[in-house]
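Ready for some practice in reading a protein structure? Keep the sequence and the 3D view side by side, and try each task before you look at its solution.

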Amino acid sequence: MVPDTLRWDDGSLILLDQRKMPWETCFVTCRSSEDVARSISSMVGRGAPAIGIAAAYGMALASFGGEDIEAAREMLLASRPTAVNLRWALEVMDSVKEGSPENMLALARNLHKEDIEINRAIGDNGEALIADGSTLLTHCNAGAIATAGWGTALGVMRSCKERGKRIKVYADETRPRLQGGLLTSWELMEDGFDVTVITDGMAAWLMKSGKVDGVIVGADRIAANGDTANKIGTYGLSIVAKAHGVPFYVAAPTSTFDLSIRSGYDIPIEERDGDEVRSPYGKELLSKDIKVWNPAFDVTPGENVTAIVTEVGVLRPPYDSSIATVLRDVKAR
Ligand code: MRU
């Protein structure tokens, strides 16, 4: 069974420690906003929607603990720069930051509950795009543990399975942190999927071999024109998919859109410590003095994206207009 990504328990936020999965199921207890910020930057909790919800609970912890609310907000916002869901959740929390800690907690709990419903809706909307018997390729982990539950890209697969569609999945290993090899393969196996792991460099040949009917990935930030930031390696997959006529789908909640950013060039890309590449999970592969470049995300141009699956429907190009229209509708609700 896939454990809860996060839960509120007796005045603390309990996060599944994703650095240890799938070998060990253990949890980190956060008692302050600083604990939450540290857990987000060190990848205890990861995945764009999940870190947004964690940050919302972080604000509740700050309020209960009598912390400086503005300082807590700044620290949480800075904990990871690319996923805009973090900023989105903090902006939602701003509406109650003058209120009581109980108000803050109630709103964080609500975001938590809503995220599961949102992922269910993404899954159901995406399911309609996938034919029975399809083989899908995914990258990183856009699953239940990257969200409050169900997942975005993996949520689409779960919805397919729920409707009786037979789906096979290839999971990119996803260097350097191996979210695909470790987390996605485990999550899907727990749910009885037929899943095969490949190393990232194998994806092009897999598609050339005609073994992939569709690529489906999550997103950390989508600009107004559909350019999509996601885990490093996604851009390359999109080029390969285009070259082989394979549809490339992005599954994400509308909280992942950032209309203040016109194109993907303006999305801030997190660069992480080179030791993630030199010594993955503490196992020394490269010597300390080897130079490493370690961007955690890349940007897939909207023109490579066949469709964006959201909780309110499936968006198609031209994204400038389809995204603007859907966000106007969401705001008007
Ligand atoms: O660095 P990570 O593991 O947080 O990166 C996660 C991804 O890139 C996911 O695809 C994205 O956040 C969407 S999760 C539903």
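The exercises below deal with a predicted model.

**Exercise 1. The sheet**

Task: Find the order of the strands in the open sheet of 3 strands, and work out which are the edge strands.

Solution:
- Step 1. Trace the strands across the sheet: the order is S1-S2-S3, and the pairing is antiparallel.
- Step 2. Look for strands that pair on one side only; these are S1 and S3, the edge strands.
- Step 3. Follow the twist, which averages 25° from one strand to the next.
- Step 4. Zoom in on S2 and S3, which pair in the antiparallel sense over 4 bridges. Leu 13 has Cys 30 in S3 as its bridge partner.
- Step 5. Add the helices. H1 packs on the sheet, where it touches S2 and S3, and its direction makes about 145° with that of S3. H2 lies across S1, S2 and S3 and runs at about 20° to S1.

**Exercise 2. The largest nonpolar core**

Task: Name the residues that touch the most other members of the largest nonpolar core, and say which element gives the largest share of this core.

Solution:
- Step 1. Recall a general tendency: in soluble globular proteins, nonpolar side chains tend to be buried together.
- Step 2. In this model the largest nonpolar core has 35 residues, and Leu 13, Val 36, Tyr 57 and Met 93 touch the most other members.
- Step 3. Ask where the core residues come from. Elements that each supply at least two of them include strands S1 and S2 and helices H1 and H5. The largest share, 11 residues, comes from H2.
- Step 4. Take Met 93 as a case: leaving out residues up to four places away in sequence, Met 93 touches Ala 56, Met 59, Met 104, Leu 107, Ala 108 and Leu 111.
- Step 5. Now look beyond this core: a second, separate core of 26 residues includes Ile 198, Met 207, Val 212 and Leu 237.

**Exercise 3. A threonine in a loop**

Task: Decide whether Thr 82 is buried or exposed, and find what its side chain reaches.

Solution:
- Step 1. Locate Thr 82 in the loop between H3 and H4.
- Step 2. Apply the cut-off: buried means under 20% relative accessible area. Thr 82 has 0% relative accessibility, so Thr 82 counts as buried.
- Step 3. Check the surroundings. Apart from residues up to four places away in sequence, Thr 82 touches several residues, among them Asp 220, Ala 229, Ile 269 and Phe 297.
- Step 4. Follow the side chain of Thr 82: it reaches the backbone oxygen of Pro 268 at 2.7 Å.

**Exercise 4. Salt bridges**

Task: Find the salt-bridge partners of Lys 97 and Arg 158, and say which parts each pair ties together.

Solution:
- Step 1. Start from the total: the structure holds 26 salt bridges.
- Step 2. Lys 97 pairs with Glu 70, with the closest N and O atoms 2.9 Å apart. Lys 97 lies in the loop between H4 and H5 and Glu 70 in helix H3, so the pair ties together parts 27 residues apart in sequence.
- Step 3. Arg 158 pairs with Glu 187, with the closest N and O atoms 2.7 Å apart. Since Arg 158 is in helix H6 and Glu 187 in helix H7, this pair ties together parts 29 residues apart in sequence.
- Step 4. Compare the settings: Glu 70 is partly exposed, whereas both Arg 158 and Glu 187 are buried.
- Step 5. Finish with a network of salt bridges, which links Arg 80, Arg 177, Glu 270, Arg 272 and Glu 276.

How values were computed:
Residues are numbered from 1 along each chain as its sequence is written. This is a predicted model: local features need pLDDT of at least 70, side-chain atom pairs count only at pLDDT 80 or more; totals for chains, interfaces and linings use all residues. Side-chain values use heavy atoms; hydrogens and water are left out. A nonpolar core is a set of buried Ala, Val, Leu, Ile, Met, Phe, Trp, Tyr and Cys residues joined through side-chain atoms within 4.5 Å. Buried means under 20% relative accessible area, exposed over 50%, partly exposed in between (1.4 Å probe, protein chains only). Helices (H or I, at least four residues) and strands (E, at least two) are DSSP runs, numbered from the N terminus. Contact means heavy atoms within 4.5 Å. Two strands pair if DSSP finds at least two bridges between them. Axes are lines fitted to C-alpha atoms, for helices over the stretch in contact, and angles run from 0 to 180 degrees between N-to-C directions. A polar contact is a pair of N or O atoms within 3.5 Å; within protein, one must be able to donate a hydrogen and the other to accept it, and residues adjacent in sequence count only if both atoms are side-chain atoms. A salt bridge is a side-chain nitrogen of Lys or Arg within 4 Å of a carboxyl oxygen of Asp or Glu.
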